[in-house]
Amino acid sequence: YAGLLFIAITALVLSPVLARIFGRAGWSKDDVRTALFLEARLPAWKFEALIADLSSRFVNLAPDEVDREIVDALRRVCEPLGIDLAVLWQWSGADPTVIRPTHAYDAQNALAHAEPLHHEQYPWVVAQMMAGRTVVIRSMDEMPAEFAVDRESSRRLGLRSNLTLPLALGGEAPVGGLAFS
């Protein structure tokens, strides 16, 4: 869970827009300090160096190298934090009820290939994402009754916690999401 919290904090530190989102979710500056320095045990200088290096890797990158760098960036964020799975999802243009994985890091190699997901498998999470809300799930058992279908789908995949950031452009509906489990 500390790793998931750290990812959220990373987004919080880097983006004023996400800072407002996490603020509405009740996150304080003390939560940020606790997650970054106590739970994740990652010194600020290491965090800053990682973000700078990841950012610089995408400058002047050849188009055929972008996919590899995205997967490597997911790995480099997840490994030091002990996060097992990170998936970049995109809603399907052909079927808007389907969200497809475009890039993934899987520390356990449990997913040979991440499968597309259908809205009916995660109706609560999809509703949150379509509303532009960040999904923070510390424990599947702590979620509301409306989360029952999502909980069962998550258990089938072996997920215990989750952080999903909706990805949208210019105030439009989300085009996908970045999920950490």
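**Contacts, cores and strands: how the terms are earned**

Mentor: Trp124 touches Val135, Met143, Pro144, Glu146, Phe147 and Asp150, when residues up to four places away in sequence are not counted. The model is predicted, so local features need pLDDT of at least 70 and side-chain atom pairs count only at pLDDT 80 or more, while totals for chains, interfaces and linings use all residues. Residues are numbered from 1 along each chain as its sequence is written, and side-chain values use heavy atoms, with hydrogens and water left out.

Trainee: What makes Val135 a residue that Trp124 touches?

Mentor: A contact means heavy atoms within 4.5 Å. Val135 is listed among the residues that Trp124 touches, so the pair has heavy atoms within that limit.

Trainee: What makes Trp124 and Phe147 an aromatic pair, and which kind of pair is it?

Mentor: Rings of Phe, Tyr and Trp (its six-membered ring) pair if their centres lie within 6.5 Å; planes under 30 degrees apart count as stacked, over 60 as edge-to-face and the rest as tilted. The centres of Trp124 and Phe147 are 5.5 Å apart and their planes stand at 90 degrees, so the pair is edge-to-face. A search of the whole structure finds 1 aromatic pair. Trp124 lies in helix α6 and Phe147 in the loop between β4 and α7 (148-157), so this pair ties together parts that are 23 residues apart in sequence.

Trainee: Why is the set around these residues called a nonpolar core?

Mentor: A nonpolar core is a set of buried Ala, Val, Leu, Ile, Met, Phe, Trp, Tyr and Cys residues joined through side-chain atoms within 4.5 Å. Buried means under 20% relative accessible area, exposed over 50%, and partly exposed in between (1.4 Å probe, protein chains only). Trp124 and Phe147 are both buried, and with Trp89, Val125, Val135 and Ile137 they touch the most other members of the largest core, which has 18 residues. The elements giving two or more residues to this core are β1 (85-91), α6 (123-130) and β4 (135-137). A second, separate core of 16 residues includes Ile70, Tyr105, Leu163 and Leu178. In soluble globular proteins, nonpolar side chains tend to be buried together.

Trainee: What makes Arg57 and Asp53 a salt bridge?

Mentor: A salt bridge is a side-chain nitrogen of Lys or Arg within 4 Å of a carboxyl oxygen of Asp or Glu. The closest N and O atoms of Arg57 and Asp53 are 3.2 Å apart, so the pair meets the limit. Both residues sit 4 residues apart in helix α4 (residues 44-57), and so are separated by about one helical turn. Here a helix is a DSSP run of H or I with at least four residues and a strand is a run of E with at least two, numbered from the N terminus.

Trainee: Are these two residues buried, partly exposed or exposed, and what values show this?

Mentor: Arg57 has a relative accessible area of 33% and Asp53 has 26%, so each counts as partly exposed.

Trainee: Which other salt bridge does Asp53 form?

Mentor: Asp53 also pairs with Arg76, at 2.5 Å between the closest N and O atoms. Because Arg76 lies in helix α5 (residues 66-78), this pair ties together parts that are 23 residues apart in sequence. The structure holds 9 salt bridges.

Trainee: How do you know that Ser181 is buried or exposed?

Mentor: The relative accessibility of Ser181 is 19%, so this residue counts as buried. Gly171, in the loop between β5 (162-167) and β6 (176-180), has 78% and is therefore exposed.

Trainee: Why are β1 and β6 called paired strands?

Mentor: Two strands pair if DSSP finds at least two bridges between them. Here 5 bridges join β1 to β6, which run antiparallel, so the condition is met. Leu88 stands opposite Leu178 in β6. Another 5 bridges join β5 to β6, also antiparallel, and there Leu163 has Phe180 as its bridge partner.

Trainee: What makes β3 and β4 edge strands?

Mentor: The open sheet of 6 strands has the order β3-β2-β1-β6-β5-β4, with antiparallel pairing. β3 (117-118) and β4 each pair on one side only. Strand β2 (residues 98-106) pairs with β3 over 2 bridges.

Trainee: Why is β6 described as largely enclosed?

Mentor: 5 of the 5 residues of β6 are buried, so the rest of the structure largely encloses this strand. Gly176, Leu178 and Phe180 are buried on one side, and Gly177 and Ala179 on the other.
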